[in-house]
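User: I am new to this structure and would like to learn how to read its surface and its chain contact. Please take one feature at a time.

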Amino acid sequence: MKTSTLHHWTGTLALIRLILRRDRFILPLWIILGTILAPGTASSFAALYPDEISRMMFVKSFASNPTVTAMLGEVQSFSLGGLVVWRWSVAGIFVVSLANILTIIRHSRNEEETGRAELVGSAVVGRFAPLSAVLIVTLCADILFGVIASVEVMQFQQPAAGSLVLGLAVAGAGFFFAGIAAVADRLAASARGARAAGGIFIGAMFVVSMVGNLYPESILSWCTPYGWVRHTHPFAGDDIGTLLLFIPAVLPLIVAAFFLTARRDINSGLSGLSGFTFFSSSRGAEHHPFIPKTMSWAVQSPLALAWRLHRTPLIAWLVGYMIIGGVFGVVADVSSAQLMKSPLLAQAFSRAGGTTAKPGDLLFTMSFMFLGEALCLFVISTALLLRAEEESGRADMLLATSVGRTRWALSHIFWILVGSTCIFAGFGASAGLSSGWNSGDSTQEILRLTGAALAYLPALWVFGGFTVALFGLIPRFAVGASWSALALSFFLDMTGEFKQISSFLLNISPFTHVPKVLMGEDFALSTAGLVGTAILLTAIGLVGLHKRDVG
Amino acid sequence: MSQQNQAPTSPSEYALSIDGLTKSFGNFRALDNLRLSVRTGEVHGFLGPNGSGKTTTIRVLLGLLQADAGEISLLGGNPWRDAVSLHRRIAYVPGDVTLWANLTGGEIIDLLGRLRGGLDAARTSALLERFELDPRKKARTYSKGNRQKVALIAALASNAELLILDEPTSGLDPLMEATFRECIADERKQGRTVLLSSHILGEVEALCDRVTIIRNGRTIESGTLAELRHFTRTAVSAELHTTPDALGSMNGVHDIQTDGHNVHCTVDSAELGAVLTYLSSCGLQSLTSRPPTLEELFLRHYQHDPSGKEEQP
């Protein structure tokens, strides 16, 4: 029995070596970027609040605001380590979860889409080997990540046990997302679809964890990896039992992924599963017999073609963000009600927020930032489709017709603009609808929040423009460089609020320049600057594309 | 849709002409002083082993790559500078066709046709029938051959003056290959110019008016098949009464294989008369001689020097 199933794993070791060879730069980069935030946070707190009294003061003044609590949870220990847990764990989980999702899909579905998996699969390689190989690599990378992070925290004279619990808990959360990605990878219609599903899942988990943070006694605080990390109580009891919780959480996902692998055709999602033929996409095609004259409404321009290529992820992001917006509206409503119970906090808040701000607005302002960065995934992957079209040779076919390079590139850039606007406006509108539902002023809230959300778009477009510029100038590095830029910006925004980093460095991130409209900041100048930067970068990319070789 | 029945003498004798084309990728010199000229209205075969630079040349012609040096004239324009306007008059079929997975074949044919400045609906339907392609299926379900058909139909149904076909029959079954040959023969009658890069020598022999053979980015032969044959050897097999001892010492005789009284050899065209006279003197019983096939011609150019160093003038 054993010998008859083991052959499904033949070749795993060779594939592990292949993955390590291919990811020899990006994997260490992810680990460094994610872990360096931990000592960064620790050194900031050590400098700003050297003793326990000052740390308590800080927590009392800032950290007990319900919107901050919603984002980061409650502070569990006033030691330096405790503050690192409080401040770093969420950021750390973001970085590892993103790294896990992208790594898994890069080496499984993406390989199938490019046809390389068939080449590999035709060799002496078992059915489960590709998935096993990438899962093993991500698991090892996650553990390495956790150990490095904990060693870094130990450098600040923190207990080894707490540091290790923290590092491993964050690593466990990351690997949980590897499991999610493995399942999404099997079910989605494409690699891009799987990435989008992973991104939306990160967001959705975070939303649930926000509610859980506001109600720590509720079951919701146990429903997300963010919550599990918090429940391990690093430096505040070191609950190793909770750490073991990750095993039953991840195991079903991995079993499901292998279960699906055993039953699906290569490079197919739900439609390729036996018993799911209902979802088969080729069924609908039967109803459109080819008669050239009736095709006039169909795909007849590069713009229409680009819409066909971008529409599925665009609609998925839109739906996902509208759901998240609805939940955020409710959370804002609840947390502002809590805030109002404490007059002292309300007073402090109105000082920070100016005159026009409403209690939930700090939450919205923070979530715009976070969701804006997440939406950069859509913006960058949409822009990078240009590169994918070029590499696959499909661009050649178009460019050999009367379509010029600029027109071709603009047909995709157009959908970045329209897509990001619709998705973020959808988020603002749905947040406004649900946050104003109780008080009955939904219409006003929709306009106010949609407007504030749209102020973030120029920052997203800067990333779009940057990706286009890379594509035009250094196409071979466009994929790696654009994702690294997003990671860097994410890193800067995370460390930025401690004012430890010089403002020069901080200014690199486009998000630093977004006016916080809800906090009463003015629109005009910085927005114009961001829009100008985005246009300039796009123009550079288009000129570069015009001058360089294609393919 | 026949613009010209007879190849026009003026205004442009050549649909495309390339002289001294050089293109490097880093240190690798992909094209090295390449020459290629295609007369208006002819079907021109473009031959060369794998990696010899055929596709790179075509990509330069399409304005996708910028030439490092050389003079290129394509339909009277510059392929890099005038790409968009030239592309209205060109249809291209890549050697390795990848399509948009979620579009149907019909949608893709329609799109490419429109972007080339028009698609003949009647001809499209006729071609779909000839090539037996179901255009309602999503491109992700097509095999390599069917993907190739999508690109071929889109190109053949367009009104382009010049067809640039990069190994267009790779992946087609023999029946479809025959259909393709018929289509190209039709195109020639219509006066369309075709640049046909191919490995299938039978195809080139059957279809092409002139051929250009390249190796390592250089042109090594160019001309009509008759011209090329003139410079090469004829295969001769003879059955004799006596052993042809002096054959080995004669000028222009190569590859002698003797098996008793049977002899096989190849003979330079210029020496053929002298050789036949000698063979007659040896008591000729039977004789077959045959001009070199394109395949032999082709192999001669590539087998002599597998290392790729240039040995010819």
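Analyst: The turns below deal with the interface and then a surface patch. This is a predicted model, where local features need pLDDT of at least 70, side-chain atom pairs count only at pLDDT 80 or more, and totals for chains, interfaces and linings use all residues. Residues are numbered from 1 along each chain as its sequence is written, chains are lettered from A in the order in which they are written, and side-chain values use heavy atoms, without hydrogens and water.

User: How many residues does each chain give to the contact?

Analyst: Contact means heavy atoms within 4.5 Å. Here chain A gives 38 residues and chain B gives 39 residues.

User: How many salt bridges are counted between chain B and chain A?

Analyst: A salt bridge is a side-chain nitrogen of Lys or Arg within 4 Å of a carboxyl oxygen of Asp or Glu. The count between the two chains is three. One of the pairs is B:Arg59 with A:Asp396, at 2.2 Å from N to O.

User: Which residues form the nonpolar patch on the surface?

Analyst: Nonpolar side chains (Val, Leu, Ile, Met, Phe, Trp, Tyr) are joined within 5 Å, if the residues have over 30% relative accessible area and no salt bridge. In this case they are A:Leu139, A:Ile143, A:Val147, A:Val151 and A:Leu164. Together they have about 350 Å² of accessible area (Shrake-Rupley method, 1.4 Å probe, only the protein chains shown as cover).

User: Why does A:Val147 count as partly exposed?

Analyst: Buried means under 20% relative accessible area, exposed over 50%, and partly exposed in between (1.4 Å probe, protein chains only). A:Val147 counts as partly exposed because its relative accessibility is 35%.

Methods: Patch = residues over 30% accessible without salt bridge, like charges linked within 9 Å, V, L, I, M, F, W, Y side chains within 5 Å.
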